[in-house]
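Thanks for asking me to look this one over. My comments follow as numbered points, to be read alongside the structure.

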Amino acid sequence: MRANAVEAVLGGRGIGDKTDLTEYVQGLAAAGLAVVMVEPMGKPPLDLRSAADKRTDNVAAQATAKAAGNAEWARAKQPAGVHLATTDAVRLAKYVATAEKRYGAGAVNLGVEVDRSRLVVIDADTAFAVDAFRKAYADNGGGEIAPTVDSPGRFDATVAVPFDPWVHKDGGHFWFTVPEGVTVPESGSYSVDGWTAYYADRQILIPPSVRPEGPYVWRGGVRELPEWLYAKIIERPEPRASAGGDSSNIDVWSASVPWAQVLTADGWSDSGRVSNCGCPEWTAPGPHDSHKSATAHEVTCTEGSYDASNGHAPLHVWTDNPPEGLRGGGTYSRIQFVANRHYGGDLGAAATALGIPEGIEVLGTGEPLEVATASTDPHDAALMAEVFGFSAVTAHVLEQARIRLVGPWAALFLALAHAALLTPWWVRLPAVVGSSGASLNSITALVGGSGAGKGAGSDGGMLVWDRDPTEDHGLIEAGQTVESALTAITVGSGQAFATLFRDWRKVTPVDKDGKKQREKLVHKLIRRTAWIDFAEIDTASSLMKSDSLQLSSELRRLWDGKQLGVHTKSVERRSELDPFTYRAVVTLGVQPERAGEMLAGEGGGLPQRLVWADTADYGRTIGGHRGERATMAIAAPAWGRTGDETVFMGVADSVAEQIITDREHVLVRSKDALTGIDAHRNLVRLKLAGAVAVLHSRADVTAEDWHLAGLLLTHSDRVRAEVQRVLAKSMRDAHESRGASDAYRDEGARKTRDQGVETGAASIHSWLSKRKGQAFTAAAIGRSGKPGQPRRIYCAEALAVLVDEGAVRQGPPARGGNDTYEWNADRWVES
């Protein structure tokens, strides 16, 4: 059996033993395994071909393309990567020799390509996936089974507690040989319950490969492909082509809703890159080895594999760690995507939920159709009506924002920031999760284009903050007033945050008799409240790029209400500020195309803490908002503080229950857990709800406040998604521009090289023709040319051309075994 041959080779190696790799890879090839040379300690395949091998491969590729009728056959090249997998023992020996020269003996990893190796390999990355496949195998009459290879998993050092940095762990590969006469699909894969069956164009690492997480360990147990698994593979859905003929309402909906809307709503992000076909690549939620989780094909796709005649093209999933309901290698229309992700694959239920008329059975009649879709517009009329119709306060903000020519959303979010800012520093949100409670401190991004007035939302006067000057609102002890607290400050580094509140000042003490003492430095309280404003994102971005300025980390600590500043050995340089002893809000003016640095900090947790507000007003009627500027007084809540104790805001029971339930989903790693850029979503929402309560003179968060905070987050989410879209387009345009430049440069280099090889070949031929009957090594021929001449630079490629053409032939081996070359006199015998 072939399985025995495979077992004999792979089972004969110790863990991580990379001695005598030539003998080993040739043994693998003899067992029918197509071997790939792989980067040391990694997964990417290596191209170790010589120039002559590349030319031979490209000539073969061109012949194949020409035979297939490809008009561009002359430009065809042998694809690299996994496509270099081979069972050619001679080539493999050359690859090992090249690898050892380049990386050292025993450094490279090894893989096999499943299709050319006639294998189906089950990839189960986790213990859960391993158990799921074992159960499936047993349920189909296969009995007990264990992984053929233990894989080392994947560790992500950037993941912080409480999340597990082991992205994959305790997984393995199950190997099956494909019987003679049995064919598997030429592309794709089959995924279910966390495991994936690979059978085409897929590299699988094999022992003795080693990655930073550990070695691949051979356990044995290669089996023949069982019928039930083969049936699953060949019966997998093939949704590549959409139905022709009349368009259904599904098609009308799909053509009207861009992939960006569907994917952004599902937590995906545009990578800013495009596939070879020109369509955008998207990154799925969660950790991934590559940004390319899927390609969202468009009707302008140049690949030609998909029927876009009905106005839409599908999504192709590349990642082997896709979100639930999807499978690696799968291709999905928009309705299939929504159905698989959220409705258990039920297309009818998905269509009904999306408001598509009469589901999927009704064919189009050519009449215009009202297709209901979930809005992604931050300025959606229904959303604005509910938010600004919440109370007399929010209605006043809308009216006055339009009279004062500022964006109403920006004005409302800024009003909430000011409400939080004027909440005494000794007030906290309750400890629904954890034990210390949470700060009301916030960070708000005011989004608009250049000249759009991102700072205009700070226009004061529409609200008057009514505070009794004789009462302690957290300002008096630092000598602050409401007016000074509402004056924006700009800082030059993260370390400066602490010094806004406490700083070293020279004071002259006075003794009990009234005599002045020697001047000394005192760490003096100068503020309890600060509004920190970065009017332009470029200022904040430049500070974030410098680790020494610590802006990103201090912004996160400020939002959390944690200790600011540093504790140094030198007392005079110390700038510590104790946690929960200050109140601060931060505003950032953001141009979408320049928000990269802000959004790049997801791993550190900064984007998760922001709320986003648009400074535009698309619902404004030109000439329709004239009126008198007016103010509204906002009274302070009754905090009921009697001493120096911390006061906790109250929270409605229904709000607390939702927060607790959502936290439980995180703890059990549920698919419904708030993770990634939404990891702090409930705390962001609770902060907004707390500010809503204070804006309405309440000391407790009601269910209504929580609901309004959710609507505000809807606006924030949509603005953030639009920022990501604009940023991704900007990045994609830059990539395309750079790619065009690279293409011109590469084409020029190719032409220069081709011309050099041609000139070098002519020179070598002439030189050898004058030395008939003499054979020379390639090194000697190269040295015969002057430095910089094509004969010397392109000697190896030129000789390969001449040998292919028969103008030069190989002569007897030189001393030491090196190949020699001589003029082929036989070709020039006159007839």
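1. Accessible areas here come from the Shrake-Rupley method with a 1.4 Å probe. On that footing, the accessible surface of the chain is about 39,500 Å², and carbon and sulfur atoms hold 50% of it. Please keep in mind that this is a predicted model.

2. Now the chain as a whole. It has 831 residues, of which 45% are buried. The secondary structure consists of 24 helices and 35 strands. Among contacts with a separation of 6 or more, 70% are between residues 24 or more positions apart.

3. You may like the open sheet of 5 strands, which is ordered β23-β26-β27-β21-β28 with parallel pairing. At its edges lie β23 (488-489) and β28 (610-614), each of which pairs on one side only. Inside this order, β21 (residues 442-447) and β27 (residues 583-590) are joined in the parallel sense by 6 bridges. To find the register on screen, start from A445, whose bridge partner in β27 is L588.

4. Strand β16 (residues 280-283) is worth a look for its side chains. Which way do P280 and W282 point from the strand, and which way do E281 and T283? P280 and W282 point one way, while E281 and T283 point the other way. In a regular strand, side chains alternate between the two faces of the sheet. All four of these residues in β16, P280, E281, W282 and T283, are buried, the charged E281 included.

5. The pairing partners of β16 complete that picture. Strand β15 (residues 269-274) pairs with β16 in the antiparallel sense over 3 bridges, and S269 has T283 of β16 as its bridge partner. Strand β17 (residues 294-296) also runs antiparallel to β16, and 2 bridges join them. Here E281 has T295 in β17 as its bridge partner. T283 and E281, the two residues that point the same way from β16, thus appear in these bridge pairs with S269 and T295.

6. Finally, a helix pair. Two packed helices are described by the angle between their axes and the distance between the axes. For α11 (residues 381-388) and α12 (residues 392-403), the axes come within 7 Å and cross at roughly 120 degrees. That angle makes α11 oblique to α12, because the roughly perpendicular range ends at 115 degrees and the roughly antiparallel one begins over 145.

7. Who meets whom between these helices? M384, V387 and F388 of α11 meet T394, A395, V397, L398 and R402 of α12. By class, this contact has 6 nonpolar, 1 polar and 1 charged residues.

Note on methods
Residues numbered from 1 in each chain as written. Predicted model: local features only at pLDDT ≥ 70, side-chain atom pairs only at ≥ 80, totals over all residues. Heavy atoms only, no water. Axes fitted to C-alpha atoms, helices over the stretch in contact; angles between N-to-C directions. Helix = DSSP H or I, 4+ residues; strand = E, 2+ residues; numbered from the N terminus. Parallel < 35°, antiparallel > 145°, perpendicular 65-115°, else oblique. Contact = heavy atoms within 4.5 Å. Pairing = 2+ DSSP bridges. Buried < 20%, exposed > 50% of the residue type's maximum accessible area, 1.4 Å probe, protein only.
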